[in-house]
Amino acid sequence: MRYNMKTTIWHKKTIEEYLTALGSKSETPAGGVQAAFIGAQACAMACMSVQFTLSNKKYNDLHPKAALWLETLQLAQSTMLDLMQKDSRCFTKAMEIWRLPKETENRKEKMQEGFRLALHAPKLMVQTMINMYPIFKEIILEGNVNLVSDSLIAGECAVTATISALLNVKINTIYISDNCEKEKLQAAIIDGEKQAEQFSIFLKKQRETRFR
């Protein structure tokens, strides 16, 4: 089945339809859309852990804080689903630009516009996930202990989403011609990788101490 890449809303497709499209030769969905999807899954997994914290009287004192966790996670999940669509549309537009004939007027400038379009959604994905790291940590440390494995899975998905989005930022940053802009992007990449690594180390320590 062929989809209209400009109008298809990927997160409203069935899982099977989405995976079929992801595994096809279509331009999108691809790495950027998948990064956002993994991020949305991370938030959903964390929501489940929080729901079981809110429904357990043992955690009554934590309920006000857990309610804020849930609200923030649901907002982040919605953001990541929106970014699936934004990335698909931006990448489709970028591909149209990159296919312009070589004799096109101001082609180099337009090519740069294409790379900036391809960068847009992944940058937002990275920031969204990194902003959620503190909440993922709190859920793992304070939330319902019976859901700790699910909370850790959510954290691992968050790291994967971050790294995946960063890869999409990296590949397009290579082609940015403005040195000042490129340096800022490279600095942001280094910072994102550092924060993802620190969170990954935290998750590893939790795995080692919780499952002895």
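**Exercise 1. State whether K12 is buried or exposed, and place K12 in the chain.**

*Solution.* Step 1: K12 has a relative accessible area of 65% and is therefore exposed; buried means under 20% relative accessible area, exposed over 50%, and partly exposed in between, with a 1.4 Å probe and protein chains only. Step 2: K12 belongs to the segment before α1; helices (H or I, at least four residues) and strands (E, at least two) are DSSP runs, numbered from the N terminus. Step 3: K12 and L81 are 69 residues apart in sequence, and their C-alpha atoms are 9.5 Å apart in space.

The model is predicted: local features need pLDDT of at least 70, side-chain atom pairs count only at pLDDT 80 or more, and totals for chains, interfaces and linings use all residues. Residues are numbered from 1 along each chain as its sequence is written, and side-chain values use heavy atoms, with hydrogens and water left out.

**Exercise 2. Describe the overall build of the protein and the annotated domain.**

*Solution.* Step 1: The protein contains six helices and zero strands, which follow the pattern α-α-α-α-α-α along the sequence. Step 2: Taken along the principal axes, the C-alpha atoms fill a box of roughly 70 × 40 × 30 Å. Step 3: Of the 212 residues, 43% are buried. Step 4: An unreviewed UniProt entry lists residues 14–188 as "domain: Cyclodeaminase/cyclohydrolase"; UniProt positions are given in the numbering used here, feature names are shortened, and annotations may be inferred rather than shown by experiment. Step 5: Residues 14–188 are 80% helix and 0% strand, and the end C-alpha atoms of this stretch are 34 Å apart.

**Exercise 3. Identify the backbone features at P29 and N106.**

*Solution.* Step 1: The peptide bond from T28 to P29 is cis, with omega near 10°. Step 2: P29 is found in the loop between α1 (15–22) and α2 (31–54). Step 3: N106, a residue other than glycine, has a positive phi, near 55°. Step 4: The location of N106 is the loop between α3 (63–98) and α4 (107–142). Step 5: With a relative accessible area of 46%, N106 is partly exposed.

**Exercise 4. Determine which parts of the chain are tied together by the salt bridges of R99, R116 and E193.**

*Solution.* Step 1: Side chains of opposite charge can pair when their charged atoms come close. A salt bridge is a side-chain nitrogen of Lys or Arg within 4 Å of a carboxyl oxygen of Asp or Glu. The whole structure holds seven salt bridges.

Step 2: R99 pairs with E27, with the closest N and O atoms 2.2 Å apart. R99 lies in the loop between α3 and α4 and E27 in the loop between α1 and α2, so this pair ties together parts that are 72 residues apart in sequence. E27 is partly exposed, at 25% relative accessible area.

Step 3: R116 forms a salt bridge with E181, and here the closest N and O atoms are 2.9 Å apart. Because R116 lies in helix α4 and E181 in helix α6, the pair ties together parts that are 65 residues apart in sequence. R116 is partly exposed at 36%, and E181 counts as partly exposed at 23%.

Step 4: E193 and K170 meet in a salt bridge at 2.7 Å, N to O. E193 lies in helix α6 and K170 in helix α5, so the pair ties together parts that are 23 residues apart in sequence. Relative accessibility is 28% for E193, which counts as partly exposed, and 33% for K170, which also counts as partly exposed.

Step 5: A network of salt bridges links K65, E138 and E142.

**Exercise 5. Locate the nonpolar surface patch that includes I174.**

*Solution.* Step 1: I171, I174 and Y175 form the patch, with about 300 Å² of accessible area together. Patches are made of residues with over 30% relative accessible area and no salt bridge, where like charges are joined within 9 Å and nonpolar side chains (Val, Leu, Ile, Met, Phe, Trp, Tyr) within 5 Å. Accessible areas come from the Shrake-Rupley method with a 1.4 Å probe, and for residues only the protein chains shown count as cover. Step 2: I174 lies in the loop between α5 (148–173) and α6 (179–210). Step 3: I174 counts as exposed because its relative accessibility is 52%.
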